[in-house]
Amino acid sequence: MSLQSEIAKRRTFGIISHPDAGKTTLTEKLLLFGGAIQKAGAVKSNKADKAATSDFMEIEKQRGISVATSVMGFEYLNTKINILDTPGHKDFAEDTYRTLTAVDSVILVVDCVKGVEEQTKKLMQVCRMRHTPVIVFVNKMDREGKDPFDLLEEIEKELNISTRALSWPIGIGGSFKGVYQLNNKALNLFSASKKHIADDSIAINGLDDPKLEELLGQRLTNKLKDDVELIETVAEPFDRDLYLSGYLAPVFFGSAINNFGVQELLETFIKIAPSPQGRETDTRKIEPNENKFTGFIFKIHANLDPNHRDRIAFCRICSGTFQRNTFYQHNRLNKKLKFASPTSFMADNKSLVEEAFPGDVVGLYDSGNFKIGDTLTEGESLQFIGIPSFSPEIFRELENSDPFKTKQLEKGIHQLSDEGVAQLFIQNPGNRKIIGTVGELQFEVIQFRLKNEYGASCHFRPVNISKAKWISATTPQELEKFTRRYAQKIAFDKENKPVFLASSAWDIEYAAKEYPAITFHETSEWE
Ligand code: GDP
């Protein structure tokens, strides 16, 4: 098959949601449709058990499971679907942000009872930064949730995106009868606890078909007619270009656990979602159909067993064909590397990959060569951009508890930061190490892994920092002036970029007023 057809048949996406909205359940149902798994229950939720939130080893174990489910590939209707899994636990949200740099679109799951939640908003902000196309799946329609019109309004307002319903629910909770497909005017009737997938769509001849009333009763039929009339008068027709540019989210309603609404979602997804897209580098844009292979690392999974230090670096193929046992250029290290056992993941099993195409993700065994964001090419010197670090939310100073193990601590903390476990900011003079995370659990993970894998001991000291802002200036002189004036608050990230560590929003405002030549950035990359 030509490279062009390989690209055209691929869809690489992530499923995101606030914990508990139904991401794992939906993933599993999609895999069932694809025949990638045989029965429900095969996909382990990689989110921590609530009872065990303080037991981070448990979480790490569960994260271990998620190596296998990091990428789930399957074929459906001649399309190769790659689902990139994201951690459910909010303390590992940064992992999710990074995974979103490797997808071409997302499906956002919203719980119809809870509506838009905190994590939903944060994840959508990341999608918006990259103009990632989003399809919304409103889940749990078998429960007494919010009114669907109110939900659409809430999604538009809270997530700052236009919506267009492509299916419409009939009743909700106890009276949920099914969904009406607005495009092809078919009706799907709901039957709870369906274990198998069946084609349950009933063709009707528009809303005036007398069959409708027989099936739904008069009250629900009238309500459906009114709803649909309202949607069709108020809403614009679905515009795929607006969806592809990230401004419009098509919305589906259903119940993942009951396998309801999932097939329409999947089939529409295949039709409208983008195939692997081009990506920006520091020199030029790479198009997927270029013959030469390029790719970047967006996730590194450590092996917790100290006897087997190998890590798995996940590489998203951006262009050309990736081949096993072929030398590729690791641009940051200016080094040639080849991979004898690149791995692909398929629900609960993994296999050796001989070749992979744009949109695919391969797992590369790594003994410490990779950092998040590293680029592989056939020799062209370029670096993919758009894989930024995001401002962490919690900061602590890392202090050495065992002076005899200083070297180990240095090595360990730098490697953990390369893996993306947490962000390390170095403050000079004094080589103070400020660790930034999005959750308390990450500190426990660092402490444990430093001890377990590097034999180093550390403790954390509270610091008066609440925000990290990357800074740039109109001229190097201005930057110099600023960093001298605020030396106490300046630190350097893993790429040695200067960062302003602010104790409050007011701090930033004040500094910005005082130094108008300085721009403060939310992430480590800016335009
Ligand atoms: P995640 O945290 O987003 O991955 O959510 P899960 O898929 O683990 O689902 C959270 C809980 O919601 C589980 O107990 C599921 O069984 C339940 N759930 C998922 N989908 C539905 C649904 O359509 N209806 C109802 N009533 N419960 C659901």
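## A hairpin, its sheet and a ligand shell

Strands β8 and β9 make a hairpin, with four residues between them. In that turn, K185 has a positive phi of about 50 degrees. Keep in mind that this is a predicted model. Below, we follow the hairpin into its sheet and then visit the ligand.

**The sheet as a whole**
- The hairpin strands belong to an open sheet of four strands, ordered β7-β8-β9-β10, with antiparallel pairing.
- β7 (167–170) and β10 (201–203) each have a single partner strand because they stand at the edges, so one side of each is left without a neighbour in the sheet.
- From one strand to the next, the twist averages 25 degrees.
- As a general reminder, strands of a sheet pair through backbone hydrogen bonds, in either a parallel or an antiparallel way.

**Who pairs with whom**
- β7 and strand β8 (residues 178–181) run antiparallel and are joined by four bridges; S167 has Q181 in β8 as its bridge partner.
- Between β8 and β9 there are four bridges, again with an antiparallel run; here Y180 has L187 in β9 as its bridge partner.
- Strand β9 (residues 186–189) is linked to β10 by three bridges, and these two run antiparallel; N188 stands opposite S201 in β10.

**Around the ligand**
- The ligand is surrounded by 19 residues, and the closest are K23, T24, T25, S255 and I257.
- Which helix gives the most to this shell? That is helix α2 (residues 23–34), with three residues.
- By character, the shell holds nine polar, six charged and four nonpolar residues.

Key. Residues numbered from 1 in each chain as written. Predicted model: local features only at pLDDT ≥ 70, side-chain atom pairs only at ≥ 80, totals over all residues. Near = placed C-beta within 6 Å. Nonpolar A, V, L, I, M, F, W, Y, C, P; charged D, E, K, R; others polar. Pairing = 2+ DSSP bridges. Axes fitted to C-alpha atoms, helices over the stretch in contact; angles between N-to-C directions.
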